[in-house]
Amino acid sequence: MSRQSAPDGDMPRTEEEWRQRLDPQQYAVCRCSATEAPFTGKYWDHKGSGQYTCVACGAPLFASADKFDSGTGWPSYVRPLQGDAVSEHADDSHGMRRVEVRCARCQSHLGHVFPDGPAPTGLRYCINSASLDFEDERSA
């Protein structure tokens, strides 16, 4: 289900409103920083042309042209669609140091970014499918 970008007044304010907007897996990933199992999400091997958006608020996040097969079982991208589409945060959970990636608009957890990606950026934005929707360029 694709969501159009909601006006700020339509953005959920409480956890109950988020629970009503998102299904249980989306809520666990986006609002509680859970991680879906590898090779299980609907977009890990998706090949469509278009853009990936935030499932919670509809904000444009990643272009299909920047998606690559990292072999990890999660959708991976070399960069966000726009430099300010995502925000990055230190994540020292699970006994390791990582960089968490969130939707800049609604602060939903998306995944993590790692410095082991291909050119041109050398980055791998490793993103949970449950945090994404897809807008096919043919239907735009």
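**Cysteines, core and sheet**

Modeller: Welcome! In this predicted model, the sulfur of C57 lies 3.7 Å from the closest cysteine sulfur, the one in C103, which is too far for a bond.

Biologist: What makes that too far for a bond?

Modeller: A disulfide needs two cysteine sulfur atoms within 2.5 Å. The C57 sulfur has its closest cysteine partner at 3.7 Å, so this pair does not qualify.

Biologist: And how do you know that C54 is not in a disulfide with C106?

Modeller: The reasoning is alike: C106 holds the closest cysteine sulfur to that of C54, at 3.7 Å, so a bond is ruled out. By this rule, the count is 0 disulfides.

Biologist: Why is C57 called buried?

Modeller: Buried means under 20% relative accessible area. C57 has 0%, so the word applies. C54 is also at 0%, and therefore buried.

Biologist: Which residues touch the most other members of the largest nonpolar core?

Modeller: That core has 26 residues, and those touching the most other members are C54, L61, F62, V86, C103, C106 and Y125. Elements that each supply at least two core residues include α2 (24-32), β1 (50-54) and β6. Beyond its neighbours within four places in sequence, C54 contacts A59, L61, C103, C106, S108 and S131.

Biologist: Now the open sheet: what makes β3 and β5 its edge strands?

Modeller: The 6 strands run in the order β3-β4-β8-β7-β6-β5, with antiparallel pairing. β3 (67-68) and β5 (86-91) each pair on one side only. For β5, the partner β6 (residues 98-103) is joined over 6 bridges, and D91 stands opposite R98 in β6.

Conventions:
Residues numbered from 1 in each chain as written. Predicted model: local features only at pLDDT ≥ 70, side-chain atom pairs only at ≥ 80, totals over all residues. Heavy atoms only, no water. Pairing = 2+ DSSP bridges. Helix = DSSP H or I, 4+ residues; strand = E, 2+ residues; numbered from the N terminus. Buried < 20%, exposed > 50% of the residue type's maximum accessible area, 1.4 Å probe, protein only. Core = buried A, V, L, I, M, F, W, Y, C linked by side-chain atoms within 4.5 Å. Contact = heavy atoms within 4.5 Å.
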